[in-house]
Amino acid sequence: MLLRWAPALLSVVFTANCLAADEIPDFPAAQIAVFESEIAGILEANCLKCHSGEKPKGGLDLTRRAAIIKGGESGSAIDAANPAESLLIKAINYDGYEMPPTGQLAPHQIELLSNWVRNGLAWPKDLTALHVEAPREPPRVNEETKKHWSFQPVQKPKVPDVSGEWAVNDIDRFIQHQLKSQGLIPNGPAGARALVRRASYDLTGLPPEPEVVEAFAANPTPQAWSALIDQLLESPHYGEQWGRHWLDLVRYAETNSYERDGAKPFVWRYRDYVIQSFNDDKPYNQFLTEQLAGDELPARTADSIVATGYYRLGRWDDEPADPELAYYDDLDDIVTTTGQTMLGLSINCARCHDHKIDPIPQTDYYSMIAFFRGVKRYGLRSHESVLEASVMEIPQPEDSSLHAAAVAQYERELAKIEVELAKIEQKAKADFTGVDNDEFAYEENRVRLIEKRQGGLLTDKEVNQYRGLTNRRDKLRANRPTGMAQALCVKEDLAGMKPTFVLMRGNPLSPGVEVQPAYPSVLSPPEAEIPPLTDGAMSSGRRTALAKWMTSPSNPLTSRVLVNRLWQYHFGRGIVRTSSDFGFQGSKPTHPELLDWLAATFVEGGWSLKAMHRLIMNSAAYQMSSAGREDASAKDATNDHFWRFDMRRLSAEEIRDSILWANGTLNADRMYGPSIYTEIPAEVKAGQSQPGSGWGKSSPEDEARRSVYIHVKRSLLDPILESFDMADTDQTCPVRFATTQPTQALGLLNSDFILQQASLFSDMLQKKYPDSLDAQVKAALERTTQRPATDTEVARGLEMIAMLQRDENMSVDQARKYFCLMALNLNEFIYLD
C-alpha cells in the first residue's frame with residue numbers, strides 16, 4: 001500500500017518496548033499463528049507489490065517488522081500510544097488515506113490488521129522478511145530475446161545419416177535419427193486399404209471410390225502410391241478440402257455477427273478464390289500477396305481483387321456506441337488474424353501495453369496497424385453504404401457458369417415483372433376505348449393510361465405498383481448482365497488517411513507518440529519501403545510493402561509457420577503444437593531441424609504446396625500404422641517423436657459429406673457459386689433474436705452439395721457441423737479440437753438430418769439390390785468402411801434386421817433404414833486410421 005504521508009505530520013514516538021525496532025520480542029503462540037495464517041497473506045496480496053524492494057513507494061517497506069516501525073517518508077505507520085490513530089489503520093479504513101488504492105479490504109481483513117497493530121505487531125523470530133513475488137517485466141527487444149529459435153533465419157540443416165531400410169526420403173531420416181536417440185523404433189506401414197482411405201480424406205475430404213481402394217490393394221507398390229497421390233492432388237475436391245483449412249485460419253463467415261448478423265455481399269467469391277488457388281497450386285507467396293495487397297498490384301486481376309475480401313471476413317458492428325473505438329477494433333481484428341495466421345505471433349497482445357510474454361513492444365503493434373491505417377471500415381462512414389465501401393466490379397468471362405447463372409436470373413426476374421404488369425393491365429383494359437387500345441400498343445403511353453384508371457378500376461396501390469414495376473423493368477433492360485461481376489474487397493480512404501499514434505491503454509482518446517509502418521523489431525527486419533504515391537493512386541502502397549516482407553525468403557516465420565501447418569493437417573499435430581504461437585509461450589518444436597529443412601525446401605521449391613504434399617505423403621513416416629505398442633507408449637505416450645501415425649476423427653464437414661456420399665446423394669460435381677442453405681429445425685432457429693432471419697431455402701440438389709458451400713451465418717450454424725466442432729467463426733482457428741459431447745451422439749442417432757439420410761441410404765440399397773437383403777447389408781457396410789465386409793459382419797447385420805422385424809414389428813424397409821442408421825454410426829466410419 002502506498003502511504004503518502006503529509007510532510008507536516010509529526011513523527012510518532014514509540015515508547016513501548018514491544019515496538020523496539022532492533023529486536024523482535026516474544027509473542028504468544030496464538031498471535032504468531034494468526035500472523036502466519038492471516039496477516040502475512042493480506043500484506044503479500046494487497047500491499048507488497050508497491051511497498052517492497054530497494055525503492056518502496058513512499059519509502060515505506062512492509063516486508064520487515066523493523067521497517068514498518070521505522071516507517072517511510074512521513075514517519076512510522078504505527079502509533080504505539082494510541083494504535084487506533086495509527087496511519088496504517090486509518091489508511092485501510094479509508095480515513096484520509098485510501099489504501100490499497102485498488103479497493104478497500106474486506107471488513108474481517110481490516111479487523112485482523114487492527115488487532116495485529118494493537119497487539120504490537122506479532123512477528124516470528126525466524127522470519128527475516130515477507131516473501132515478495134517480483135513483478136514480471138515484459139521482455140525487451142535485445143540481443144538475448146532475438147536468439148529465440150523462431151526468430152533466427154531459416155537455414156537448411158544437413159540431413160542425418162541413418163542405417164537400415166525404413167527411411168524412404170529425407171523426412172524419414174530426420175524422424176528415424178530422433179527415434180533412435182530415444183530408443184524407439186517406428187511402426188510398420190498401415191494396410192493398403194487404410195492408406196488409401198487416409199490419403200483420400202487428407203487430400204479431398206471424401207471417402208475413396210471402391211474401385212480405387214481395390215486397385216491399390218491389389219498392387220500396393222511405391223509407384224502405385226505416388227500415382228494415387230498425384231491423382232488426388234489433381235482432383236478438384238483437393239481445393240475444397242485444403243481451402244477449408246485456410247478458411248478456418250482467416251475466420252471465414254458470410255455474416256457480420258451482432259444482433260442483426262447481416263449477410264456480407266458476394267463474400268462467397270473469396271471462398272471460391274481460395275478453393276481455386278489451392279487447385280491451381282498457386283505459390284503461397286503469391287497467395288498471401290494477393291490477399292494482403294491484391295488491389296495494389298501493378299497488374300491486378302479479378303482474382304487479386306477478390307482475394308482482398310480477406311479484410312472483410314471479420315465481425316462488423318453496424319451501429320457502434322463508439323465509432324472510433326469500433327474502427328480500431330476492426331484494425332485489431334486484421335492485425336490479430338494476420339499476425340497469428342501468417343507469422344505465428346500474437347501481436348495483438350500488445351494493443352494496450354507491451355506484450356507480457358513476447359518481446360513485442362506496444363509501438364510495434366501500432367506500427368503494424370499503420371500498414372492498414374487507410375483501410376476503410378466495412379461500412380466506414382454514415383453516408384457510405386457497405387456496397388460503396390467494400391464492393392467493386394470485377395471482369396468476368398461471359399462464357400463462365402456464373403455469367404450464365406446471372407443471365408438466367410435476369411430473364412426470370414424480367415418474365416416475372418411482365419406477368420405482374422399484365423395482371424394490372426388486364427384489369428384496366430375493361431373500359432378501354434378504341435383510341436386507348438391504339439395508344440396502349442406503345443409502351444411509353446401505358447403508365448399514363450393506367451394512371452387515368454386510378455381511383456376507379458384500379459386502386460392507388462395497384463397504380464403505384466405498376467409504376468414501380470415499369471421502372472424496374474426499364475432498368476433491367478438497360479442493364480443486361482455483361483461480363484462484369486461484383487466482389488467484396490478492400491478499399492482505402494487515401495484522402496482521409498490519418499497519422500498512426502500509439503494509443504495509451506488502447507484508448508483512441510489517449511494518443512501517444514506517432515509511429516510509421518514497421519515490422520516487428522525483434523525479427524531484425526529491414527525498414528518498410530513504402531512506394532511514393534502516384535497521380536490517381538487509390539491506395540497508399542503500404543500493404544504492398546507488408547506483403548513483400550511477409551513473403552520474403554529472409555522472413556524467419558512465414559515459411560516455418562506454413563510447413564508446420566501442413567504437417568499438422570497431415571499428422572494431426574504440428575512439429576510445433578501451438579501452430580499459431582511461435583513465441584516464448586508457444587511449444588518448442590519437437591523436431592527443429594526437420595522443421596527448418598521443410599521450410600527451406602518449401603521456399604526452394606517455389607512455395608508450392610502440392611510439392612510439399614508429395615514429399616510428406618511419400619515418406620515412410622506418413623505411411624506408418626496407427627497401432628499402439630506398449631514398449632513405445634511407455635517411453636513416448638504422446639507420440640512426440642512420431643513412432644506411429646495418430647488416428648483421428650473425421651472433421652465436421654467430412655462427417656456430413658461422407659454420410660451423403662455413402663447414401664449416393666452427395667452432389668459433389670457442382671462446385672463454386674453462392675452458398676446454399678441446409679434444413680435447420682425450427683427449434684434451433686428459435687435461438688435467434690429473429691428466428692429464421694437470414695436463412696433461406698435451397699433445392700434438394702443444392703442441399704446435397706459439399707459442406708464447404710453451406711452458408712456460414714455466425715448466429716445460426718448448421719447443427720451437425722456445429723456439434724462436431726466446426727471452426728470458430730469469430731477468430732482465427734488454428735486447430736480443431738475433437739470434443740466428445742452428448743449432442744454428437746444425439747445428432748447421429750435421432751436428428752431429422754440423420755434419419756432422413758438413413759432413409760435415403762436404405763432406398764438406394766433397395767433400388768440397387770432389389771432382390772437380395774444380403775447384398776444390401778454387404779453394400780452398406782462396404783460403403784461406410786471402404787473395405788470388404790466379412791461374412792460374420794453381414795450375418796450380424798441380417799440378424800439385426802430380423803430382430804427389428806420380430807421384436808419391434810417393423811417392416812423390412814423400416815428395419816433396413818435402422819440398420820443403415822447403425823452403419824452411419826460405426827466408429828470405423830467416423831474415425832480414420
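Buried residues make up 51% of the 833 residues in the protein chain, in what is a predicted model. The chain is built from 34 helices and six strands, and its C-alpha atoms fill a box of roughly 120 × 85 × 65 Å along the principal axes. Here is a quick tour, from the whole chain down to two residues you can look up as you read.

**Whole chain**
- Of the contacts between residues at least 6 apart in sequence, 71% join residues at least 24 apart.
- The chain exposes about 38,800 Å², and 52% of that area comes from carbon and sulfur atoms.
- There are 89 positive and 115 negative charges, and the mean positions of the two sets are 2 Å apart.

**Asn-256, a loop residue**
- You will find Asn-256 in the loop that runs between helix H9 (237-249) and helix H10 (268-279).
- Asn-256 has a relative accessible area of 6%, so it counts as buried, the cut-off being under 20%.
- Beyond its neighbours within four places in sequence, Asn-256 touches Asp-261, Gly-262, Ala-263 and Lys-264, along with Arg-315, Trp-316, Tyr-378 and Arg-714.

**Lys-49 and a positive patch**
- Lys-49 also sits in a loop, between helix H1 (29-46) and helix H2 (65-70).
- With a relative accessible area of 76%, Lys-49 is exposed, because the cut-off for that label is over 50%.
- On the surface, Lys-49 joins Lys-57, Lys-356 and Arg-505 in forming a positive patch.

Definitions and conventions. Residues are numbered from 1 along each chain as its sequence is written. This is a predicted model: local features need pLDDT of at least 70, side-chain atom pairs count only at pLDDT 80 or more; totals for chains, interfaces and linings use all residues. Side-chain values use heavy atoms; hydrogens and water are left out. Helices (H or I, at least four residues) and strands (E, at least two) are DSSP runs, numbered from the N terminus. Buried means under 20% relative accessible area, exposed over 50%, partly exposed in between (1.4 Å probe, protein chains only). Contact means heavy atoms within 4.5 Å. Accessible areas come from the Shrake-Rupley method with a 1.4 Å probe; for residues, only the protein chains shown count as cover. Lys and Arg count as positive and Asp and Glu as negative; His and the chain ends are not counted. The place of a charge is taken as NZ of Lys, CZ of Arg, CG of Asp or CD of Glu. Patches are made of residues with over 30% relative accessible area and no salt bridge: like charges are joined within 9 Å, nonpolar side chains (Val, Leu, Ile, Met, Phe, Trp, Tyr) within 5 Å. A salt bridge is a side-chain nitrogen of Lys or Arg within 4 Å of a carboxyl oxygen of Asp or Glu.
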